[in-house]
Amino acid sequence: MYLKEGCSLLLKVHKPSIPFVLNTTPILNPTRNNEANLNPHLVKECDVLRRLRHESDITLALEYFKSIANSKSFKHTPLTYQVMIEKLGRRAEMDGVQYLLQQMKLDGISCSEDLFISVINSYRQSGAAEQALKTFYRVQDFGCSPTVKIYNHIFDALLNEDRFHMINPIYSNMKKDGLEPNVYTYNILLKALCKNNRVDGAHKLLVEMSNKGCSPDAVSYTTIISCMCNLGKVKEARDITNRFPPIVPVYNALINGVCRESNIEEAFELLNEMMNKGIGPNVITYTTIINALSDAGNIHSSLPILALMFKKGCGPNIHTFTSLIKGFFLKGKSYEALDMWERMMEEGIYPNVVSYNSLIRGLCSVGNVGKAVAVFNQMERSGFSPNVTTYSTLIDGFAKAGNLVGATETWNDMITHGCHPNVVAYTCMVDVLCRNLMFDQAHCLIQNMVMENCPPNTITFNTFVKSLCGSGRVDWAIKLLDLMEENGCLPNIMTYNEILDGLVKENNFTLAFGVVKEIEERGLKLNLVTYNTMIHGFCCAGMLEEALKVVGKMLVGGLKPDAFTFNIIINAYCKNGKVEFAIKLLDAMSAAGWCPDIVSYTSLISGVCEFAGLEEANDYLHRMLKEGIVPNVAIWNVLVRFLFSKVGFSEALIFLDNILDG
């Protein structure tokens, strides 16, 4: 869809399948096929194989394959069939593969184990595991007996598509056939169980392996340890590692597990444990820790790890540098990030699409979209094709910069280059349109998502809802709730919070209470944002008692107020002339461990000046200064306005001089 042309749909082009029938007279290129017609007695298997292997055009290769058979100058052999079948399989021309298998059967040629495995792998690569299974059930029709190796490949094809329920019955058949699983079989089964979060089943399988005399290897243990760490069972995983000699991949899985839990200290303990046991960490070990430190905003602690890598003779890879670059950008240090990029190049490590995307994302995050576009252009000049992530990142960068033209041109460039947008790209473009108040176009784009078989998700709708509510179009936002459900997207608490915020800003508390009721009926938990939105709305409307009731409900629900909650109430008390209550709340806030901030003191001093007097305002001003909070313009404006109106020009200047000197 080109945004400049409205809501037109993407054109979908279906690539026709190539013909594969052998028993028809082909239209041949006489110059390409004269060796079959002019010298039939000279055609040898090695010549046919050479021609098939070197022909890059699949259609011409198949024409030659057919013509050589139809000319009766050569009878195809198991090897020529295998080369042609594998060639078709690589192009996912599975109808042709099936036809040639049938032709082999008619010619009385048995299918070898290697060829049958090649067929299964072709189905796997084309995402057709079920068809691979149907072909597997006919293995004996093609003169081939099922072997452990063939079973392993069919297991792997099913695992690749998460078809766990199909694996166990086939495994049972394998054992009935009298075939003993080997370590590869067990490792595939372990992976299947772990991907299905069946850690208990994986444990039982390890026992079975040992009972069958098939010792688990590094892959076996790494698979189960990785699974346990991914499920947050790091402690149990560490206990299991004590049962076998520790190896680098297992330590890497453990370190990755503790890093996912942001337990960097334990990651360092594991790193030291490795080195104390004489197990050399590899680039994955170091990079995992560097990435965790970078994600935690602790980029400076990751630099000594990089130095340690060099000291140990372990060169960083593209992932190491990408993590460091990301870490610098997270801290807003774009110059250091670009320096690290240059250092990566100096080390002879050249960027890939992922690293380019990371650099573009980082530049966009610090608002340097111009430089991000320059990197995008450099990426294309270097021969890398931008993917949907690249385009989405740029569109998002333009959105945040308020550049509709840049975002639209990037979108259209993406479509022109045949890169189909995913839900992230669509959501970024919806955000751009909403930021420019182009709500009709945003709505049209969401409708196109459905027609393009890329259904919008809750984030897409929340982006639209937030912009509508922020622009006073709460009525439209409420209507979107039905559209969300039609598309299988249930509104979450963020959706309702945006609508609630829009309603309370309009003082439409009747509908706001209805939204709160709907939240509770849906079983969603009201969060701090929900309560603060209601409290703020009531306070702005001068309904302090209602606001305090919401605070009470929040406390009963087990949620503690935050600084924002306290500041809303303090400001409301002061505006209503109840300064003594505001002071008590400030003191209670301090006693509970909440530190009053500049917002708290601004409201309080404003209220004290209005309803108490200069002396009390002076006390709180000094208290604020003692706590290291520097007065802002709002506080000085309050004081100056009060002093000039109450004590006169000269006395006001003297008072301000004393404060500044003190």
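The protein chain of this predicted model contains 37 helices and zero strands. The chain has 662 residues, and 47% of them count as buried. Contacts between distant parts of the sequence can be followed as well: among contacts joining residues at least 6 apart in sequence, 60% link residues at least 24 apart.

One pair of helices shows how such elements pack. Helix α20, covering residues 353-365, meets helix α22, covering residues 388-400, at an angle of about 5 degrees, and their axes lie 9 Å apart. Because angles under 35 degrees count as roughly parallel, α20 is described as roughly parallel to α22. On the α20 side, the contact is made by N357, I360, R361 and C364, while α22 contributes T389, T390, T393, L394 and G397. By character, these contact residues divide into three nonpolar, five polar and one charged.

C364, one of the α20 residues in that contact, has a relative accessible area of 11% and is therefore buried, the limit being under 20%. Another cysteine, C469, is also buried, with 7% relative accessibility. Are there disulfides in the structure, and if so, how many does a search of the whole structure find? The search finds zero.

The α22 residue L394, which takes part in the contact with α20, also appears in the surroundings of T410. T410 belongs to helix α23, residues 404-416, and its relative accessibility of 9% makes it buried. Leaving out residues up to four places away in sequence, T410 touches Y391, L394, I395 and F398. Closer along the chain, a polar atom of the T410 side chain lies 2.8 Å from the backbone oxygen of G406.

A second buried polar side chain can be visited in a loop. H76 sits between α3 (58-70) and α4 (78-90). Is H76 buried or exposed? With a relative accessible area of 6%, H76 is buried. A polar atom of the H76 side chain lies 2.9 Å from the backbone oxygen of F65, and the H76 side chain also makes a polar contact of 3.2 Å with the side chain of T80. Beyond its neighbours within four places in sequence, H76 is in contact with V48, F65, I68, A69, Y81 and I109. F65 thus appears both in the list of contacts and as the owner of the backbone oxygen facing the histidine side chain.

Helix α8, residues 148-160, holds Y151. This tyrosine is buried, with a relative accessible area of 3%. Its contacts, apart from neighbours within four places in sequence, are F136, P146, I170, N173, M174, D177 and L179. The C-alpha atoms of Y151 and I117 are 9.1 Å apart, although 34 residues separate the two along the chain.

Finally, two loop residues stand out by their backbone angles. Most residues other than glycine have a negative phi. D162, in the loop between α8 and α9 (164-176), instead has a positive phi near 55 degrees. L437, in the loop between α24 (423-435) and α25 (439-451), likewise has a positive phi, near 60 degrees. How accessible are these two residues? D162 counts as partly exposed at 41% relative accessibility, whereas L437, at 57%, counts as exposed because the cut-off is over 50%.

Definitions and conventions. Residues are numbered from 1 along each chain as its sequence is written. This is a predicted model: local features need pLDDT of at least 70, side-chain atom pairs count only at pLDDT 80 or more; totals for chains, interfaces and linings use all residues. Side-chain values use heavy atoms; hydrogens and water are left out. Axes are lines fitted to C-alpha atoms, for helices over the stretch in contact, and angles run from 0 to 180 degrees between N-to-C directions. Helices (H or I, at least four residues) and strands (E, at least two) are DSSP runs, numbered from the N terminus. Angles under 35 degrees count as roughly parallel, over 145 as roughly antiparallel, 65 to 115 as roughly perpendicular and the rest as oblique. Contact means heavy atoms within 4.5 Å. Ala, Val, Leu, Ile, Met, Phe, Trp, Tyr, Cys and Pro count as nonpolar, Asp, Glu, Lys and Arg as charged, and the others, Gly among them, as polar. Buried means under 20% relative accessible area, exposed over 50%, partly exposed in between (1.4 Å probe, protein chains only). A polar contact is a pair of N or O atoms within 3.5 Å; within protein, one must be able to donate a hydrogen and the other to accept it, and residues adjacent in sequence count only if both atoms are side-chain atoms. A disulfide is a pair of cysteine sulfur atoms within 2.5 Å.
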